[in-house]
Amino acid sequence: MSRTINVDYLARVEGEGAMYLEIEGDLVKDLQFSIFEPPRFFEAFMRGRHFTEAPDLTARICGICPIAYQMSAVAAMEDAIDVTVDGQLHELRRLIYCGEWIESHVLHVYMLHAPDFLGYQSAIHMAADHADIVKRGLRMKKVGNDVVALLGGREIHPINVKVGGFYRVPTRDELDAMTTDLEWAYEAAIETARWVAQFHFPDFERPYEFVSTVHPTQYPFMGSRIVSDQGIDISVEEWNDVFEELHVERSNALHARIKARGAYHVGPMARYSLNFDKLPAELQALGAELGIAHECRNPYKSIIVRSIEVALAYRLALDIIDRYEPPSSAAVPVTATAGEGHGVSEAPRGLLYHRYLIDAGGLITDAQITPPTAQNQLSIEEDLMAYVPGRTHLDDDTLQWQLEQAIRAYDPCISCATHFLDLTVRRS
Amino acid sequence: MRPKLAVLKFASCDGCQLSLLDAEDELLDIVGAIDVAYFPEASREYIDGPYDLTLIEGSVTTEHDRERLRKIRDDTAMLVSIGACATAGGVQALKNFGDVDEFVRVVYAEPDYISTLSTSTPINDHVKVDFELRGCPIDKYQLIELIAALLAGRKPNIPTYPVCVECKARGNPCVMVAHGTPCLGPITQAGCGAICPAYNRGCYGCFGPSESPNTDSLETWWQGLGVTDDEWIRTLRTFNAGAPTFVEASTRTETRR
Ligand code: SF4
Ligand code: SF4
C-alpha cells in the first residue's frame with residue numbers, strides 16, 4: 001500500500017523550506033528537511049566592512065529578530081576590541097531585547113501557532129470566531145513593538161543600536177509612559193499562558209540535549225557561558241571546540257551539531273529548562289500550575305513556555321524601567337584594534353552565535369554566524385522521525401497538519417538559517 | 001467581491017511583509033476590506049489567482065525565482081514591490097560587486113550544492129511593476145496608504161523628496177550642521193519620518209536615492225567632515241547598493257581613487 005502526502009509550501013514560518021517524508025508501513029523510510037531560501041552570503045560580504053557596521057548589516061538577516069543579530073554582533077565586536085558595556089547601557093540592551101522577545105513570541109503564539117491547535121488556517125480566520133482573543137494578542141504584540149520602537153527608533157531593523165551602546169538613550173519620562181501598558185500586558189500574558197495550556201497536546205516528549213546561555217543570577221539574554229543538560233559548560237570562546245556546522249546537499253543552510261554527539265536543541269524550551277530557577281517565583285508557580293514545572297520536553301507545549309517567557313519579558317521591562325537612571329553618555333567610545341571576538345545572545349528562537357576577526361584598521365576579515373534554526377535543524381528532523389511511528393493510522397491531512405505543527409513549534413526562521421517549507425509525505 | 005491580495009517573498013529577511021502584521025491597530029480592518037488569498041507567512045490557506053494585488057518582497061537571485069516571477073506577473077492585475085530588496089536588490093546585491101564563486105566558498109563547504117545567479121536584482125529588472133515602495137524595511141503607514149490608494153484607484157501619496165524635508169517637519173536640528181555628523185539625508189528618499197537624525201545619527205540611506213539627488217555636492221560636504229573615500233563608498237553600498245544612483249556615485253569615487 002502506498003500513500004503520498006504532498007504540501008508544496010509549509011505556511012506560517014519565516015522563509016522558504018522543504019520537507020520530504022517517505023513512510024513504509026509504520027516506519028519512516030526517508031526524511032529530508034531542506035532549506036531552499038536563496039542564500040544571501042552575509043558572511044562573505046561582511047569581509048572588508050568596518051566593525052561598527054556589523055549591527056546594521058547583520059540585522060538584515062532577519063526582520064523578525066533583528067535585535068538578536070544586533071546584540072550578538074555588538075557583543076562579539078566589544079569582545080574583539082576589549083570594551084565593556086555595563087550599567088544602565090547594558091540594562092537598556094536587555095530592555096530592547098525584552099521588546100523583541102515580546103513581539104516575536106506573541107506573533108508566534110497568537111498568529112503562527114495557536115491557529116493550529118484550534119483548527120484555523122490563520123489568525124485572520126481565527127479572528128472571525130475569537131475576535132477578542134486575537135485583539136488581545138495584537139495589543140500585547142504592540143506593547144513589545146512600542147518598547148523596540150522607543151529604544152530602537154523603529155520596530156524592524158532599529159537604527160539606534162551601536163557597538164559601545166546607543167546613539168541616543170531614552171528619558172525617564174519616555175520610559176515611564178510605557179508602564180501602564182506593560183502592567184496590563186503582564187496580566188494578559190499570564191492569561192495567555194493559561195489559555196494556551198488548555199489546548200490539546202499530542203503525547204510526545206523527546207530526550208533533547210538542551211543548550212542555552214546562562215547568567216549567574218538572571219534568566220539569560222546575553223551571556224558569556226554556554227551550558228547543556230548533558231555536561232557542556234564552556235565560555236563563548238570555546239564554541240568551535242564543541243560545535244560544528246556541516247554543509248549537506250539539499251539545503252542552503254548549514255546544519256549545526258555537537259561534535260561529539262550530534263543533534264541538540266536551542267530556544268524557549270532549552271532556556272526554560274536550564275534556567276527555571278532564575279524565573280521569578282510567581283512564574284515558577286505558573287509553570288508548575290500549567291504542568292511544566294522545571295522543564296518541558298514536548299515541542300507542542302513550547303507555546304506555553306513562550307507565553308511564560310512573554311510574561312517574564314514584561315516583568316523584566318517593568319523592573320528595568322523602575323530602576324532606570326539615564327546614563328551620562330549614550331555609548332562608551334570604541335576604537336579599532338586587531339583581534340578576534342565572540343558574541344552570543346538568546347534570540348527569541350534560540351542561541352545566536354557570532355564570531356569576527358578584525359584587522360588593525362577595524363575592517364572585518366572573517367565572520368561566522370550560527371543562527372538558531374541552523375542549530376535546530378537536526379532536532380526538527382529527529383522529532384519528525386520519532387513522531388510518525390505509532391501514528392500512521394492517522395489520515396493524511398491530520399498527520400500532515402501535526403507534522404507541520406511540530407516544525408512550527410520551533411518557530412523556525414528559515415530566512416535566518418538562510419527560508420520555504422515544502423512538505424512532502426510519501427507512503428509505501 | 002472583496003479584492004484578492006497575495007503577499008510573496010524572494011530573497012529577503014521577511015521584515016517588509018512583517019510590516020503588515022506589525023500594523024496591529026489596523027490589521028483587522030485591512031483584512032476585513034480585502035481577501036487575503038495567499039500569504040504563506042501568515043496563513044496555510046492557498047486560494048488560486050488571479051489576484052487583484054500582489055505584494056512582493058525580496059530580490060531575484062536564482063534562475064528558478066526568475067521563472068516564478070514571470071508566472072506571478074501573469075496572475076495578478078497589479079504588482080507592487082516592497083522594500084529595498086525588491087526595489088534595488090537589497091543588501092545581498094553587494095555580491096554584484098564581488099566574485100560570486102568566492103562568496104559561495106566563504107559560506108559553504110560544498111560549493112557545488114549551491115545554485116545562485118551572479119547578481120541580486122530588483123523585481124522590475126524582470127517584469128513590469130506597478131509601484132515600488134522603498135525602505136529597508138518599508139514604513140507600515142506608507143504600505144497602508146499604498147494599498148488603500150491602489151484599491152480605490154487613486155494616486156498614492158508617497159513623496160519622492162529627501163529625508164531633509166521630514167527632518168524639518170519633525171523639528172530635528174540638522175545633524176550635519178549642528179554636530180558635524182555625516183548624513184545621507186539630502187540624497188535619500190523620505191518615508192521613514194527622519195528617524196536617524198531624531199536619534200542623533202546620520203541617515204544611512206535605507207530608503208534609497210531621492211528624486212534627482214546631488215551626490216557630488218554631498219560627497220564634497222562629507223569630505224569636509226573628514227570622511228574617507230572608503231567610508232563614502234561603503235555607506236552607499238549597503239541596503240540599496242544596487243540602486244543606479246548609488247552605484248554610479250560609488251563607482252565614480254572608486255575609479256577616481
Ligand atoms: S528591504 Fe530590508 S527589511 Fe525589507 S525584506 Fe529586504 S532586508 Fe528585509
Ligand atoms: S533616516 Fe535614513 S537610514 Fe534612517 S531610517 Fe530614515 S531613510 Fe533609513
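Helices here are DSSP runs of H or I with at least four residues, and strands are runs of E with at least two, numbered from the N terminus. With that in hand, a good place to start is a loop of chain B: B:Ser212 sits between helix H9 (195–198) and helix H10 (215–224). The model is a predicted one, and in it the phi of B:Ser212 comes out near 35 degrees, a positive value in a residue other than glycine. B:Ser212 has 9 C-beta neighbours inside 10 Å, and since 12 or fewer counts as exposed, B:Ser212 is put in the exposed class.

Chain A has a similar case to look at. A:Asp82, in the loop between helix H3 (66–80) and H4 of chain A, is not a glycine either, yet its phi is positive at about 60 degrees. A:Asp82 has 10 C-beta neighbours inside 10 Å and so counts as exposed. Most residues other than glycine have a negative phi, and most peptide bonds are trans.

The peptide bonds of chain B bring in two further spots. B:Gly49 and B:Pro50 are joined by a cis peptide bond, with omega at about 0 degrees; B:Pro50 belongs to the loop between strand S2 (35–38) and strand S3 (51–57) of chain B. Another cis bond links B:Cys136 to B:Pro137, where omega is about 5 degrees. This time the proline, B:Pro137, is found in the loop between strand S5 (131–133) and helix H6 (140–152) of chain B.

That second pair turns up again at ligand 1. The shell there holds 17 residues, and B:Cys136 and B:Pro137 are among the closest, along with B:Gly15, B:Gly83 and B:Cys85. In chain B, helix H1 (15–21) and helix H4 (84–88) each put at least two residues into this shell. By class, the shell around ligand 1 comes to 9 nonpolar, 6 polar and 2 charged residues. Chains A and B both contribute residues around ligand 1, so the site is shared between them.

Ligand 2 is also surrounded by residues from chains A and B, and its site is therefore shared between chains. A:Ile159 is part of the shell, together with chain B residues that include B:Cys192, B:Cys196, B:Cys203 and B:Cys206. This shell has 10 nonpolar and 2 polar residues, with no charged ones.

Away from the ligands, the two chains meet through 45 residues of chain A and 48 residues of chain B. On the chain A side, helices H1 (42–45), H2 (54–59), H4 (87–118), H5 (123–129) and H6 (131–152) each supply at least two residues. H6(A) gives the largest share, 5 residues. The chain A side as a whole splits into 19 nonpolar, 12 polar and 14 charged residues.

H6(A) deserves a closer look. Its 22 residues should span 32 Å at 1.5 Å a residue, which agrees with the 31 Å between its end C-alpha atoms. Of those 22 residues, 16 are buried, so H6(A) is largely enclosed by the rest of the structure. Just after the helix, A:Gly153 has a positive phi of about 95 degrees.

As for chain A overall, it contains 15 helices and 14 strands. Its radius of gyration is 21 Å, close to the 22 Å given by the globule rule for 428 residues, so chain A is as compact as a globular protein of that length. The C-alpha trace of chain A spans about 70 × 45 × 35 Å along its principal axes, and 57% of the 428 residues are buried. Chain A is divided into domain 1 (3–36 + 419–427) and domain 2 (42–391), whose centres are 27 Å apart.

Notes
Residues are numbered from 1 along each chain as its sequence is written. Chains are lettered from A and ligands numbered from 1 in the order in which they are written. This is a predicted model: local features need pLDDT of at least 70, side-chain atom pairs count only at pLDDT 80 or more; totals for chains, interfaces and linings use all residues. A residue is near a molecule or strand if its C-beta atom, placed from the backbone, lies within 6 Å of it. Ala, Val, Leu, Ile, Met, Phe, Trp, Tyr, Cys and Pro count as nonpolar, Asp, Glu, Lys and Arg as charged, and the others, Gly among them, as polar. Two residues are in contact if their C-beta atoms, placed from the backbone, lie within 7 Å. Domain bounds come from an automatic or database domain assignment. The radius of gyration is taken over C-alpha atoms; the globule rule is 2.2 Å times the number of residues to the power 0.38. A residue is buried if 20 or more other C-beta atoms lie within 10 Å of its own, exposed if 12 or fewer, and partly exposed in between; C-beta atoms are placed from the backbone. The expected span of a helix is 1.5 Å times one less than its number of residues.
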